[in-house]
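Morning, everyone. Please have the structure open on your screens. I'll go through some helices, and who packs against whom.

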Amino acid sequence: MNRLTNKRILLGVTGGIAAYKSADLTRRLQDEGADVRVVMTHSAQEFITPLTMQALSGHPVHLDLLDTETESVMGHIELARWADIILVAPATADFIARYASGHGDDLLTAVCLAAECTMAVAPAMNQAMWAKAATQANVDALRNMGVHTFDPDEGLQACGETGAGRLMDVPDIVTRVSDLFDQGTLAGRHVVITAGPTREAIDPVRFISNHSSGKQGYALAEAALEAGARVTLVSGPTHIPAPERATLVPVESAQDMLDAVMQCAPGADIFIGVAAVADYRPESSADQKLKKQASEGLALSLVQNPDILKTVAGLTENRPFSVGFAAETENLVDYATKKLETKNLDMIIANNVADTSIGFNSDDNETIIITRDGQEPLSKSSKEVVSRKIIATIAERMMQGSEQVA
Ligand code: CTP
C-alpha cells in the first residue's frame, strides 16, 4: 500500500555531505506515491547538482528567491501553499539556526517562513556541532514552533568521527513522514468514478444528452481523494474543473465511457457509477450535417447503449466494490433496490430527481444509501457533505467485507 499517495512534499536540501542522500530520498518518497518538488540552497549545490534533483523529481528545481524564471513558474508563496509538508533533509546547523531565528533571506528560509503546512527537518552534521548547546537550543526552538525533528543517527561520520550526527536512514525518514499524515479510510485504494452526461452524436454538430452537471461525481472524487484514495475520474463533458489530484479521463459517448472504464476499473478497489449515461444512441451518426427536409418530421432510430455499471459489477475477475446511483422521479426505493439486484451492485445511492431543488443540476442532494442488508437515509445537504458520507460508508462496508473474507 502506498503511504503517500496524492501527498505533495517540498524537499529542502541544504549544504552538507549528506545532501547526496536527498536523491535517494526523493525516489523513495515517490515510490510511496508522493509528488516531490525540490528547493536547494546555494551550498547544497556544491554537493549535488540541481540537474540530478530535477531529473529525479521530474520538476524544475527551485534555487533562488529572486529568480524570475522559477518564480514565474511557481513563486515562493505558491510553493509554500502547494506543499502538504515541507521536509528539509539534510538540515545543516546553519539552516536550523537561520530558520529558528526567523530568517527569510534565501528561498528555502523564505518558503519555510511563509508556510502554514506541516514542517519537518532531518538534521545532519558533525557530531560536535550537533552536541553544541547553540545547535540544541535552535532545535528546541524549532520543536517549540511545532516543527517535527527527525533526529540524527549515531555512527561513523564522513569526517571520520563517531557520534550522533548522521542523517537518519532514508527509509526511516520516509516512515516518519508517512506517520505525519492521517492516512484516511481509503489510503492506497484506487477508486474509479464515472461522472457527468454522455453525448450521443446525431451528426457532427448535434447530439442527444441530458442535464447532468457532473457536480455529484466530482464531489465524490474530491471526497475519495480526501480519504487518501487514488482517483480516476472518467467524465462526460461538464463545465466544472476536475479535482486537481484526480486523473481525469474525458469522454463523450457512452461507448467511449465504457472503453475508458474497462481500461481502469478491472483491478481497481472501488467503482462508482455516477454518470448519467444516455440509455440510447442514434443507430447511426451522419457523417455530414443533416439538412432540413421538405417533409414535416424526422424520425431518429435509437439503439440501446451498453450498461457500464452492470458490465463492471458483472466482472468475474478483478471485480471492484461496485456502487451505483439511481436517479428516480417516483418509487425511489423500489426502483433503486431493483437496480441493486439486476446490476449485481454492492451499494446503490437512490436520489429523487423529481424535486428540482435537489439532484441533477443543483448544489444539494438528498439520498438514501441502499445495500443488501438495509437502507440509510442521508438528510438534504450539499453534494460535498453527502459525498463524504457516501465515501465513509463505502470504506466501512469494504472493511466489513475484507474482515469476512479474512
Ligand atoms: N448506468 C451505466 N450505464 C448505463 C446506464 C446507467 O453505467 N448505460 C449507471 C449509472 O451511472 C447509475 C446507474 O447505472 O449509476 C443507474 O442509472 P439510471 O439511469 O438510474 O438507470 P438505468 O439503468 O438507465 O435505468 P432507467 O433509466 O430505466 O431508470
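One term before we start: a residue is buried when its relative accessible area is under 20%, and exposed when that area is over 50%. Keep in mind that this is a predicted model.

Let's use the term right away. Which residues of helix α11, residues 254–264, are buried? They are Ala-254, Met-257, Leu-258, Ala-260, Val-261 and Cys-264. And what do these buried residues pack against? There are five strands and a helix to find on your screens: β8 (190–195), β9 (200–203), β11 (230–235), β12 (247–250), β13 (270–273) and α12 (308–313).

Pick out one of those strands, β11. Thr-232 is found there. Is Thr-232 buried or exposed? Its relative accessible area is 7%, so Thr-232 is buried. Leaving aside residues up to four places away in sequence, Thr-232 touches His-190, Val-191, Val-192, Ile-193, Thr-247, Val-249 and Cys-264. You have just met Cys-264: it is one of the buried residues of α11.

Next, a reminder about helices. An α-helix has 3.6 residues a turn, so residues three or four places apart point the same way. Watch for that in the next two helices.

Take α13, residues 332–342. Leu-332, Ala-336 and Leu-340 are buried there. Why are they on the same side of α13? Because they cover an arc of only 60° around the axis. Now turn the helix over. The face away from the buried side carries Glu-341 and Thr-342, and these are exposed. What covers the buried residues? The cover includes β16 (321–328), β17 (347–352) and β18 (364–371). Then look just past the end of the helix. Asn-344 takes a positive phi there, about 60°.

Now α2, residues 50–57. Here the buried residues are Met-53, Leu-56 and Ser-57. They cover an arc of only 90° around the axis, so they sit on the same side of α2. On the other side, Leu-51 and Ala-55 are exposed. The buried residues of α2 pack against β1 (8–13), α1 (21–31) and β2 (35–40). Just after α2, Gly-58 takes a positive phi of about 80°.

On to helix pairs. Two packed helices are described by the angle between their axes and the distance between the axes.

Start with α1 and α2. Their axes come within 10 Å and cross at roughly 10°. Angles under 35 degrees count as roughly parallel. The two helices, α1 and α2, are therefore roughly parallel to each other. Which residues meet? From α1 we have Ser-22, Ala-23, Thr-26, Arg-27 and Gln-30, and from α2 Met-53, Leu-56 and Ser-57. By class, that contact has three nonpolar, four polar and one charged residues. Met-53, Leu-56 and Ser-57 should sound familiar: they are the buried residues of α2.

Next, α5 and α6. α5 is residues 93–100 and α6 is residues 107–114. Their axes come within 10 Å and cross at roughly 40°. That makes α5 oblique to α6. The crossing of α5 past α6 is right-handed. Phe-95, Arg-98 and Tyr-99 of α5 make the contact with Leu-108, Thr-109 and Cys-112 of α6. These contact residues divide into four nonpolar, one polar and one charged.

Stay on α5, but change its partner to α8, residues 133–144. Here the axes come within 9 Å and cross at roughly 50°. That makes α5 oblique to α8. What is the hand of this crossing, left or right? α5 passes α8 in a left-handed crossing. In α5, Ala-93, Ile-96, Ala-97, Tyr-99 and Ala-100 meet Thr-135, Asn-138, Val-139, Ala-141 and Leu-142 in α8. By class, this contact has eight nonpolar, two polar and no charged residues.

Last stop: Val-139, in helix α8. Its relative accessibility is 1%, so Val-139 counts as buried. What does Val-139 touch, not counting residues up to four places away in sequence? The answer is Ile-96, Trp-130 and Thr-149. Ile-96 is one of the α5 residues in the contact we just saw. As for Thr-149, it is ten residues from Val-139 in sequence and 7.7 Å away in space, C-alpha to C-alpha.

That's my tour. Over to you for questions.

Notes:
Residues are numbered from 1 along each chain as its sequence is written. This is a predicted model: local features need pLDDT of at least 70, side-chain atom pairs count only at pLDDT 80 or more; totals for chains, interfaces and linings use all residues. Side-chain values use heavy atoms; hydrogens and water are left out. Axes are lines fitted to C-alpha atoms, for helices over the stretch in contact, and angles run from 0 to 180 degrees between N-to-C directions. Helices (H or I, at least four residues) and strands (E, at least two) are DSSP runs, numbered from the N terminus. Angles under 35 degrees count as roughly parallel, over 145 as roughly antiparallel, 65 to 115 as roughly perpendicular and the rest as oblique. A crossing is left-handed if the near helix is turned anticlockwise from the far one by less than a right angle, and right-handed if clockwise. Contact means heavy atoms within 4.5 Å. Ala, Val, Leu, Ile, Met, Phe, Trp, Tyr, Cys and Pro count as nonpolar, Asp, Glu, Lys and Arg as charged, and the others, Gly among them, as polar. Buried means under 20% relative accessible area, exposed over 50%, partly exposed in between (1.4 Å probe, protein chains only). The arc is that of the directions from the helix axis to the C-beta atoms.
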